[in-house]
Amino acid sequence: MGLRPTALCAMLLTASSLYAQTAAADDPILPASIIFATSTGYWEDDGTAPAVQRAPSAPQPTASSPATAKPRHGYYKLFAVRQSDRTAKIYLQQIEQGDGGPAITSTVELQELNELKPYVTDIRPENSSGMLKEPGLFAMVYLKTDPDAESETWTVVIDEFGEVTVGKASN
């Protein structure tokens with residue numbers, strides 16, 4: 001008789017842990033409007049450099065003062081957000097890899113691409129083998145300006161100085 005309450009308790013604990021895992025799996029970790037994303041590239045600075053800025057759509061945090069600056073490093077994230085008209089807006093984020101885990105340093109809208117009102121079909125990094133050893137970013141955005149047309153390839157490049165260049169690929 002003493003075994004029954006123990007077995008019942010064990011079954012309830014197992015069921016509750018399964019339910020907790022199911023509920024966690026249903027949480028929207030990534031919004032449904034994010035249709036393509038890639039994390040790639042590498043950046044590092046002495047802590048006094050400004051975040052990547054290109055006509056940001058929202059005010060960006062200011063860089064820390066030199067007295068409290070410490071070296072920092074991270075990677076970039078390039079992603080497309082689907083709009084209600086099926087076109088997309090493309091954003092570039094600078095992610096700092098700190099002691100507390102990744103944190104967004106800046107988010108900028110890539111106006112050169114967004115002005116095209118693109119239908120994004122893919123975003124890919126140049127190198128999918130992991131973090132690069134040289135600072136910068138090279139990624140390709142495949143898009144259409146007409147939903148029935150062929151995709152065009154555009155490149156997003158960030159050089160070792162943090163200069164962002166967006167242009168049509170010249171194959």
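How many bridges join strand 6 to strand 7? In this predicted model, the number is 7, and the two strands run antiparallel. The views below begin with the sheet that holds this pair and end with a residue of strand 1.

**View 1. An open sheet of 4 strands with antiparallel pairing.** The strands follow the order 5-6-7-8. Strand 5 (119-125) and strand 8 (164-168) are the edge strands; each has a single partner strand, so one side of each lacks a neighbour in the sheet. From one strand to the next, the twist averages 20 degrees.

**View 2. Strand 5 beside strand 6.** These two strands run antiparallel and are joined by 6 bridges. Within the pair, Asp-122 stands opposite Tyr-142 of strand 6. Tyr-142 also has a bridge partner in strand 7, namely Thr-153.

**View 3. Strand 6 beside strand 7.** Strand 6 covers residues 137-144 and strand 7 covers residues 152-158. Their 7 bridges connect strands that run antiparallel. Tyr-142 is paired with Thr-153 of strand 7, and Phe-138 stands opposite Val-157 in strand 7. Strand 7 is largely enclosed by the rest of the structure, because 5 of its 7 residues are buried. The cut-off for buried is under 20% relative accessible area. In a regular strand, side chains alternate between the two faces of the sheet.

**View 4. Strand 7 beside strand 8, with their hairpin.** The pairing is antiparallel and extends over 5 bridges. Thr-155 stands opposite Gly-167, a residue of strand 8. The hairpin has 5 residues between the strands, and Gly-162 in this hairpin takes a positive phi near 90 degrees. Strand 8 stands at an edge of the sheet, with a single partner strand.

**View 5. Thr-40 and the residues it touches.** Thr-40 lies in strand 1, which covers residues 34-45. Is Thr-40 buried or exposed? Its relative accessibility is 6%, so Thr-40 counts as buried, the cut-off being under 20%. Leaving aside residues up to four places away in sequence, Thr-40 touches Tyr-75, Tyr-76, Pro-125, Asn-127 and Leu-137. Two of these contacts also belong to the sheet of View 1: Pro-125 falls in strand 5 (119-125), and Leu-137 falls in strand 6 (residues 137-144).

Methods: Residues numbered from 1 in each chain as written. Predicted model: local features only at pLDDT ≥ 70, side-chain atom pairs only at ≥ 80, totals over all residues. Heavy atoms only, no water. Buried < 20%, exposed > 50% of the residue type's maximum accessible area, 1.4 Å probe, protein only. Contact = heavy atoms within 4.5 Å. Pairing = 2+ DSSP bridges. Axes fitted to C-alpha atoms, helices over the stretch in contact; angles between N-to-C directions.
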